[in-house]
Amino acid sequence: MRDYLEFEKPLREIEERIEKLSASGQAKHSVQEEIRKLRGKLAQEEAELYTKLTPWQRTQIARHPQRPSVLDYINFFCRDFMELHGDRAFADDRAIVGGLARFNEQSVMVIGHQKGRTLKERMERNFGMPNPEGYRKALRLMRLAEKFRRPIVTFIDTPGAYPGIGAEERGQAEAIARNLLVMARLDVPIVSVVIGEGGSGGALALGVADRVLMLEHAVYSVISPEGCAAILWDDPAKVPDAAATLKMTAEDLYKLGVIDEIIPEPLGGAHRDPQLTADRIAKVLANHLQQVAELSPEALVESRDHKYRRMGVVLDPTAAKA
C-alpha cells in the first residue's frame, strides 16, 4: 500500500475513487467515462503538485518511509555483493552497510547509510544514525578499497550522526573528522550519491568525494529544518521557512556548486518507481566513475582538493567597492 504525505491527500482522494470504481466491475459507459475523467484529473493534479514542490515538501519526500534504500539499489544494479562487518575495535554498526560488489562488471566498494523499512528494522539500524563504530567501519572499508585499487561508491541517507552519550564517549566527532581527513587523501575514485536525507556531519563523513550526485527530491544540509527552526526561532511553525532558507534542495546545491549532477526521479518520488530510479542512478553513476577513473592517483587527489577549496568563496568587500 502507498503511504501518502500530508500534502498528497488531494491525490489520495482521487486515487481511492478510481480504485473504488474499478473494483465495482461495472462495465457501464458512464462508469468507464467517470474513471477516464478521474485519471485525467489525477494526472493534471500530479503535474501541478510535483512541479511546484516547496523545499519542505521535498524534505518530506526524501524521508518517505517507502523510499528505496542503499540495499535496494545494490540489489537493483550490483551483483555478487559481499557485506563486510565491524570496525575491528568495538562493534558492527548496522546503520552503515558496506562491502564489495560488481557494478558494470567492475569491482567496487559500496558503502551507505541504511535506515530500515519496518519499525523493527529501523530500531536495529538506529534509524540510519551511525555511532562512531559505523564511521570507523566505513573508514576501514575505504582503506581496504584503496589497498586493492577499487573505486568507492557511497550512498548518503541519514538524519545525522547519533547524538547519544555513548556515541560521544566513544569519540563521535573524532570518527567523523577522521573520515573527512582520510577521504580527502584517498587515491582511488570516490563517487557519492545522496539518495534521501543528507544530514550534517553524519552525511559528510561519507560524502568527501570526487563527484557528488543527488536525486531530484533528496536534501543535503548542515542541520534539519526542525533543528534550524528550533535554534533560530524556537517555533515549530517556522520549519518550512527554515527548509527554504537552508538551500538544501538539489537545485539549490547544484547552483552553489556543492553537487555535480541532479538525477531525475519518477513523478512523485523514487518510491513510485524504484526500478526506474535505480536505472537512472546506474547510468549517471557509471558515467562519473568512468570519468574519474581516467585520472592518475595524484591528479585525483589534487582535483578533489581543488573541488572543495572552490566552495564557499568569500568576496573581499574592499575590492567590491573599488
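Which handedness, left-handed or right-handed, does the crossing of α6 and α8 have? To find out, keep in mind that the model on screen is predicted, and begin by selecting helix α6 (residues 132-147) together with helix α8 (residues 172-185).

**Stop one: α6 against α8**

The crossing of α6 and α8 is left-handed. The two helices pack at an angle of about 20°, with their axes 9 Å apart, and since angles under 35 degrees count as roughly parallel, α6 and α8 are therefore described as roughly parallel to each other. To display the contact itself, show the side chains of Pro132, Tyr135, Arg136, Ala138, Leu139, Met142, Arg143 and Glu146 in α6, which meet Gln172, Glu174, Ala175, Ile176, Arg178, Asn179, Val182, Met183 and Arg185 in α8. Coloured by class, this contact of α6 with α8 shows nine nonpolar, two polar and six charged residues.

While α8 is still selected, pick out Leu181, which has its place in that helix. Leu181 is exposed, with a relative accessible area of 52%. A distance drawn from Leu181 to Ala205, C-alpha to C-alpha, spans 9.4 Å in space, while the two residues are 24 residues apart in sequence.

**Stop two: α4 against α13**

Next, select helix α4 (residues 70-77) and helix α13 (residues 274-293). Here the packing angle is about 75°, with the axes 10 Å apart, and that angle makes α4 roughly perpendicular to α13. From α4, Tyr73, Phe76 and Phe77 meet Pro274, Gln275, Thr277, Ala278, Ile281, Ala282 and Leu285 in α13. By class, the contact of α4 with α13 has eight nonpolar and two polar residues, and no charged ones.

**Stop three: the largest nonpolar core**

From Phe77 and Ile281, move on to the largest nonpolar core, which has 60 residues, and in which Phe77, Phe103, Ile111, Ile152, Phe155, Tyr220 and Ile281 touch the most other members. Helix α13 gives the most to this core, with eight residues. Centre the view on Ile281: leaving aside neighbours within four places in sequence, Ile281 is in contact with Tyr73, Phe77, Phe155, Val193, Ile195, Leu215 and Ile263. A second, separate core has 14 residues, including Phe7, Leu11, Ile18 and Ile61, and leads to the next selection.

**Stop four: Phe7 and helix α3**

Phe7 has its place in the segment before α1 (9-23), and is buried, with a relative accessible area of 14%. Not counting residues up to four places away in sequence, Phe7 touches Leu49, Tyr50, Leu53, Gln57, Gln60 and Ile61. A distance from Phe7 to Met214, C-alpha to C-alpha, gives 23 Å in space for two residues that are 207 residues apart in sequence.

Now extend the selection to helix α3 (residues 55-62), where six of the eight residues are buried, so that α3 is largely enclosed by the rest of the structure. The buried residues to highlight in α3 are Trp56, Gln57, Arg58, Thr59, Ile61 and Ala62.

**Stop five: Glu197**

Ala62 offers a step to the last selection, since Glu197 touches Ala62 as well as Arg63, Lys115, Ile156, Asp157, Thr158, Pro159 and Val219, when residues up to four places away in sequence are not counted. Is Glu197, which lies in strand β5 (residues 190-199), buried or exposed? Glu197 has a relative accessible area of 10% and is buried.

Technical notes
Residues are numbered from 1 along each chain as its sequence is written. This is a predicted model: local features need pLDDT of at least 70, side-chain atom pairs count only at pLDDT 80 or more; totals for chains, interfaces and linings use all residues. Side-chain values use heavy atoms; hydrogens and water are left out. A nonpolar core is a set of buried Ala, Val, Leu, Ile, Met, Phe, Trp, Tyr and Cys residues joined through side-chain atoms within 4.5 Å. Buried means under 20% relative accessible area, exposed over 50%, partly exposed in between (1.4 Å probe, protein chains only). Helices (H or I, at least four residues) and strands (E, at least two) are DSSP runs, numbered from the N terminus. Contact means heavy atoms within 4.5 Å. Axes are lines fitted to C-alpha atoms, for helices over the stretch in contact, and angles run from 0 to 180 degrees between N-to-C directions. Angles under 35 degrees count as roughly parallel, over 145 as roughly antiparallel, 65 to 115 as roughly perpendicular and the rest as oblique. A crossing is left-handed if the near helix is turned anticlockwise from the far one by less than a right angle, and right-handed if clockwise. Ala, Val, Leu, Ile, Met, Phe, Trp, Tyr, Cys and Pro count as nonpolar, Asp, Glu, Lys and Arg as charged, and the others, Gly among them, as polar.
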